[in-house]
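I opened the notebook on this entry to record what I looked up, in the order I looked it up. The sequence and the structure come next.

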Amino acid sequence: MSGTPLAVLMRCMNFAAVKHKNQRRKDAEATPYINHPIGVANILTEEAGVDDVIVIQAALLHDTVEDTNTTIDEIVEHFGHNVAGIVAEMTDDKNLAKAERKRQQILHAPHASPKAKLVKLADKLYNLRDLQRCTPCGWSEDRVQEYFVWAHQVVAGLRGSNRQLENKLDDLFRSRGIEV
Ligand code: NDP
Ligand code: ZN
């Protein structure tokens, strides 16, 4: 929490790198997982014009609680309540079945805070680009398309948050034949 914005961001990046150190993405190249949260933060600064440090911190940390042993209390302790609140909004309930988690994302999207909506848009943009770039091992073309259709439904609840991100997402949806 304390320190210059630069020091705070580096602390987040380091925290996420340590937490995700043994994880890989699902692409055929098994890219290091940390590329994803850093890429989401980079989309926000480079493509969405976001300069709110709290949002960038949350982007860097957004999958730590969902995908590692990190707790929200730990995020509060190290990075404060504002960042932890957004990370909590980015965290699916792992007690639910996967299909139900996906349904909950569609239902919850319209009620997310404005800052969480920005991270959610950038997260979807990154994941859709990743799927365009390289199909994960074991995924059929139908499954990839199903993911695009589901992401389109989540994004419907996030609209009105950032024109640049929404335009780029819409281009991707159109390229997949999904009406926007
Ligand atoms: P997901 O479909 O949720 O996997 C996608 C998630 O994995 C992304 O949201 C992303 O989350 C993460 N991810 C990691 N690497 C990549 C990458 N290279 N590209 C894109 N995303 C990546 O996987 P689940 O196994 O959790 O999905 C289960 C659901 O999939 C079921 O509910 C079912 O509906 C569907 N399914 C469909 C099948 C079919 O053949 N049609 C077969 C099996 C399941 P993050 O941002 O958190 O990293
Ligand atoms: Zn993510």
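How are the donor residues of the zinc ion (ligand 2) spaced in sequence? I read the spacing as H-x25-H-D-x59-D. I note at this point that I am working on a predicted model.

**Zinc site**

I looked up the protein donors of the zinc ion (ligand 2) and found His36 through NE2, His62 through NE2, Asp63 through OD and Asp123 through OD. They lie 2.1 to 2.3 Å from the ion. I then took the pair His62 and Asp123, which are 61 residues apart and link distant parts of the chain. His62 sits in the loop between helix H3 (53-61) and helix H4 (64-67), while Asp123 belongs to helix H7 (residues 114-133). I checked the cover on this pair, and both His62 and Asp123 are buried.

**Whole chain**

I counted nine helices and zero strands in the protein chain. Read along the sequence, the pattern is α-α-α-α-α-α-α-α-α. I asked whether the chain is compact or extended. A compact globule of 180 residues would have a radius of gyration near 16 Å, and the protein chain agrees because its own value is 16 Å. Along the principal axes, I have the C-alpha trace spanning about 45 × 35 × 30 Å.

I noted that buried residues make up 48% of the 180 residues. Of the contacts between residues at least 6 apart in sequence, 66% join residues at least 24 apart. The protein chain exposes about 9,300 Å², and carbon and sulfur atoms supply 52% of that area. For charge, I have 23 positive and 25 negative side chains; the centres of the two sets lie 1 Å apart.

**Helix H3**

I went back to the helix that precedes the His62 loop. H3 is mostly covered, with seven of its nine residues buried. The buried ones are Val55, Ile56, Gln57, Ala58, Ala59, Leu60 and Leu61. I looked for what covers them, and the cover includes helix H1 (5-19), helix H2 (35-46), H4, helix H5 (72-89) and H7. H7 is also the helix that holds the zinc donor Asp123.

**Asp67**

I placed Asp67 in helix H4. Its relative accessible area is 24%, so Asp67 is partly exposed; the cut-off for buried is under 20%. Leaving aside neighbours within four places in sequence, I found Asp67 in contact with His20, Gln23, Tyr33 and Lys94. Gln132 is 65 residues from Asp67 along the chain, and I have their C-alpha atoms separated by 23 Å.

**Asn162**

I placed Asn162 in the loop between helix H8 (141-156) and helix H9 (163-175). Is Asn162 buried or exposed? At a relative accessible area of 8%, Asn162 is buried. Beyond its neighbours within four places in sequence, Asn162 is in contact with Ala48, Leu118 and Leu121. I also took the distance to His20, a residue 142 places away along the chain, and the C-alpha atoms are separated by 28 Å.

**Ala30**

I looked up one backbone angle. Ala30 has a positive phi of about 50°, although it is not a glycine. I located Ala30 in the loop between H1 and H2. Its relative accessibility is 32%, so I entered Ala30 as partly exposed.

How values were computed:
Residues are numbered from 1 along each chain as its sequence is written. Chains are lettered from A and ligands numbered from 1 in the order in which they are written. This is a predicted model: local features need pLDDT of at least 70, side-chain atom pairs count only at pLDDT 80 or more; totals for chains, interfaces and linings use all residues. Side-chain values use heavy atoms; hydrogens and water are left out. Helices (H or I, at least four residues) and strands (E, at least two) are DSSP runs, numbered from the N terminus. The radius of gyration is taken over C-alpha atoms; the globule rule is 2.2 Å times the number of residues to the power 0.38. Buried means under 20% relative accessible area, exposed over 50%, partly exposed in between (1.4 Å probe, protein chains only). Contact means heavy atoms within 4.5 Å. Accessible areas come from the Shrake-Rupley method with a 1.4 Å probe; for residues, only the protein chains shown count as cover. Lys and Arg count as positive and Asp and Glu as negative; His and the chain ends are not counted. The place of a charge is taken as NZ of Lys, CZ of Arg, CG of Asp or CD of Glu. Donors are N, O and S atoms within 2.8 Å of the metal (3.2 Å for Na, K and Ca); water is not among the atoms, so sites may look incomplete.
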